[in-house]
Amino acid sequence: MAADTVNRYGSHHRVALALLLAPALVWLVGLIVLPHLELAVISFRARVAPRVYELSLDQYRTFVDEPLYWHTFVRTAVMSILATACTLAIAFPAAWYIAKIARGRTKAKLFVLCLIPFWISEAVRTLGWMILLRESGVLPRLLVQLGVTDAPVELLYHDATILVGLVYTSLLFMMVPLVSALESLDDSLIEAAYDLGGNGWSIFRQIIVPHAAPGIAAGSIVVFMLTLGNYLTPTLLGGKNSLWFTEQIYTQFITRFNWEQGAAFGFLLLVLSTAIVWLGLAVSGQRLGDVLRRS
Amino acid sequence: MQPDLEVDRVTKRYAGLLAVDALSLSVDRGSFFSILGPSGCGKTTLLRLIAGFLMPDEGDVRIGGHSMRGVPPNRRLVNMVFQHLALFPMMSVGENVGYGLARRGIGRSEIAARVAAMLKRVGLPGAHDKRVDQLSGGQRQRVAIARSLVLEPTLLLLDEPLGALDLKLREHMKIELKQLQADFGTTCVYITHDQSEALVLSDRVAVMNAGRFEQIGSPQELYYEPRTPFVAGFVGANNRLLGRALRIDGDVVEIATGAGLTVRARKHGDIVVDQPVEAFARPEAFDLSRDAAELPPGAQRFAGRVESLLFDGANSAVLVREARSRAEIRIALPQTGRFADLAVGETIAFGVEPARAACFAARSDGS
């Protein structure tokens, strides 16, 4: 009798849990897992005749054989890592200021200041950069007026320009986890380390960074993935020189209508981001669970 | 002998407000000095001035005879046990204790040996590889103390380190801390708002109020011979009576309280007739008797009704309402068990010798 009650209660419990999870599961399976499975299937087939397909590795072979493709692939990865590192380097002091030095209203204002760029769409923001940086734009003219350069220089379409745009777009996503990680650091730990003979550098390395590590990892993962998958910023700021892998995917799907090749590229990008995130976590000794709780 | 710590007329202001007001103190080598005061009295500021987290606006702090002007905390031979201990959660127990040694550039094997020896001395042998969150409150306390003592500081500062512990553990750690201090012989400065901690642990105590020291003395002096009404009211339980000086007879003042009670008490400081005064008599200064004739001959005698019984083992007391003035007085119950059957509503006689009550000129702020 008692066992019966427990069982009934248990099954009610399970139904309730299933209902609660249903929307998330529908979203996850329907919009993420299924399309990706479909992509995987498409990437492994070759068209031999109209509406006739067979299993093949042609798409992946093309990727390896064609230097442009894997060059772009490696370049995208390296630039993304670089952009993530730059974002971290710029965001850390700012996050430290917001978390530890600013008080009350100043703190809130500074946080809002970080948010303001996101009130404007990414396309408009990036076009704003173009107005500032193009040859006839604001900054080159200013440089001429100040006598730094003789003639207006083209500041667009450089790798550095792409990096600037990417860092600008990503800054907030690094700031939020960093500020929350640093805010939770007890000031007395820093004082204690200082009291025990620590100096600025050793406290940073042994107290602050280990404490903020999950926040650093969370911010870096988000920024890296956003950067790797970004399309608009590299394309607009880098022009034809941008050589960003998402452009290759876009070209295959939309321009060439080669869905098989596009699907293979999409899959390769997924593998790349997973591999680098995994590597980053392994190197820094972080666990994904801890990191996700931070972000 | 050169005192280990000398604070010389140190002043610190926050936005124009005096937090520490021209304080001076000196602490002898190997002694345990406490600063006792209510929260907001400036004791934490004083401790931070000594540790070097704050610089004095005026005056100087000398440690081991050297002026600490312009010396940052990491260059002072002073270590601090923080209020919430501030153990590094990202490090093991051994790394916590070895942190300061590593910062001094001592070799790895030497650090390991010293850390192991220190952990053994504080009763935590083998805790080296444990994480901080695996320790109990008392064990953390010991790690925090070990982390400071392993550096062999001239001076150990303790910022209410027992505040976060529950009562039972606090009592236990109080004794343990006293034993550790006796064992290591390190000069300690301890700040607390808990008078029992200060009285039990210290060789000397400074009672601090509003940025100044009210009195510096041994725990016994503070308890039996308070020099200011603040000390009388703050250290130990005390009955406080406000009134006017009726008559002054040598060093005994006769006081009339507003409610019409007349009490005689020993005079402290200058008091003139008709001046507002406050008198203090400790609960244990009273003699209690069911028969007024049994009270000591020199005592002033009163009678009252038992209002409530506050049974607390050795600290038991009764609240008695004096018959004529309706003043409520707290009286300690003698440990003999003679009054074990005392009941609420009973009428009882009580008395106090004038020498065991203290009379001060009333403070101008009226508090």
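**Exercise 1. Confidence**

What is the mean pLDDT of chain B, and what share of its residues reach 70 or more?

Solution. This is a predicted model, and confidence is the place to start. Step one: chain B has a mean pLDDT of 90. Step two: 99% of the residues of chain B reach 70 or more. Step three: for chain A the mean is 89, and 96% of its residues reach 70 or more. Step four: within chain A, the element with the highest mean pLDDT, 95, is helix H3 (residues 67-101), while helix H13 (residues 288-294) has the lowest, 71. Step five: the scores for the model are ipTM 0.83 and pTM 0.81.

**Exercise 2. The dimensions of chain A**

State how many helices and strands chain A has, and compare its radius of gyration with that of a compact globule of 295 residues.

Solution. Step one: chain A contains 13 helices and two strands. Step two: a compact globule of 295 residues would have a radius of gyration near 19 Å, whereas the value for chain A is 25 Å. Step three: the C-alpha trace of chain A spans about 70 × 65 × 35 Å along its principal axes. Step four: 29% of the 295 residues of chain A count as buried. Step five: take the contacts in chain A between residues at least 6 apart in sequence; 69% of these join residues at least 24 apart.

**Exercise 3. Domains**

Give the domain bounds in each chain and describe the contact between the domains.

Solution. Step one: the domain assignment of chain A gives domain 1 (1-43) and domain 2 (60-294). The C-alpha centres of these two domains of chain A are 35 Å apart. Step two: four residues from domain 1 of chain A and six residues from domain 2 of chain A make the contact. On the domain 1 side, three are nonpolar, one is polar and none is charged.

Step three: chain B is divided into domain 1 (5-230) and domain 2 (237-361). Their C-alpha centres lie 39 Å apart. Step four: each of the two domains of chain B gives four residues to the contact. The domain 1 side in chain B has two nonpolar residues, one polar and one charged.

**Exercise 4. Where the chains meet**

Find how many residues each chain gives to the contact between chain A and chain B, and which elements of chain A take part.

Solution. Step one: chain A gives 16 residues and chain B gives 17. Step two: on the side of chain A, the elements that give two or more residues are helix H8 (187-195) and helix H9 (200-228). Step three: H8(A) provides the largest share of that side, seven residues. Step four: by class, the chain A side has seven nonpolar, six polar and three charged residues.

**Exercise 5. Nonpolar cores**

Name the residues of the largest nonpolar core that touch the most other members.

Solution. Step one: this core has 141 residues. Step two: those touching the most other members are Leu178(A), Ile50(B), Leu157(B), Val189(B) and Ala279(B). Step three: helix H7 (residues 159-183) of chain A gives the core its largest share, 13 residues. Step four: there is also a second, separate core of seven residues, including Phe245(A) and Phe265(A). Step five: the contacts of Ile50(B), leaving aside neighbours within four places in sequence, are Leu5(B), Val7(B), Val61(B), Val78(B), Leu157(B) and Val189(B).

**Exercise 6. Two residues of chain B**

Decide whether Ile63(B) and Leu124(B) are buried or partly exposed.

Solution. Step one: Ile63(B) is found in strand E4 (residues 58-63) of chain B. There are 23 other C-beta atoms within 10 Å of Ile63(B), so this residue is buried, the cut-off being 20 or more. Step two: beyond residues up to four places away in sequence, Ile63(B) touches residues including Leu5(B), Met68(B), Val78(B) and Leu155(B). From Ile63(B) to Leu157(B) is 94 residues in sequence and 12 Å in space, C-alpha to C-alpha.

Step three: Leu124(B) is in the loop between helix H3 (108-121) and helix H4 (137-149) of chain B. Leu124(B) counts as partly exposed because it has 18 C-beta neighbours inside 10 Å. Step four: apart from residues up to four places away in sequence, Leu124(B) touches Leu119(B), Gln139(B), Arg142(B) and Val143(B). One of these, Gln139(B), is 15 residues from Leu124(B) in sequence and 7.5 Å away in space, C-alpha to C-alpha.

Technical notes
Residues are numbered from 1 along each chain as its sequence is written. Chains are lettered from A and ligands numbered from 1 in the order in which they are written. This is a predicted model: local features need pLDDT of at least 70, side-chain atom pairs count only at pLDDT 80 or more; totals for chains, interfaces and linings use all residues. Helices (H or I, at least four residues) and strands (E, at least two) are DSSP runs, numbered from the N terminus. A residue is buried if 20 or more other C-beta atoms lie within 10 Å of its own, exposed if 12 or fewer, and partly exposed in between; C-beta atoms are placed from the backbone. Two residues are in contact if their C-beta atoms, placed from the backbone, lie within 7 Å. A nonpolar core is a set of buried Ala, Val, Leu, Ile, Met, Phe, Trp, Tyr and Cys residues joined through C-beta atoms within 7 Å. The radius of gyration is taken over C-alpha atoms; the globule rule is 2.2 Å times the number of residues to the power 0.38. Domain bounds come from an automatic or database domain assignment. Ala, Val, Leu, Ile, Met, Phe, Trp, Tyr, Cys and Pro count as nonpolar, Asp, Glu, Lys and Arg as charged, and the others, Gly among them, as polar. pLDDT is the predictor's confidence in each residue, from 0 to 100.
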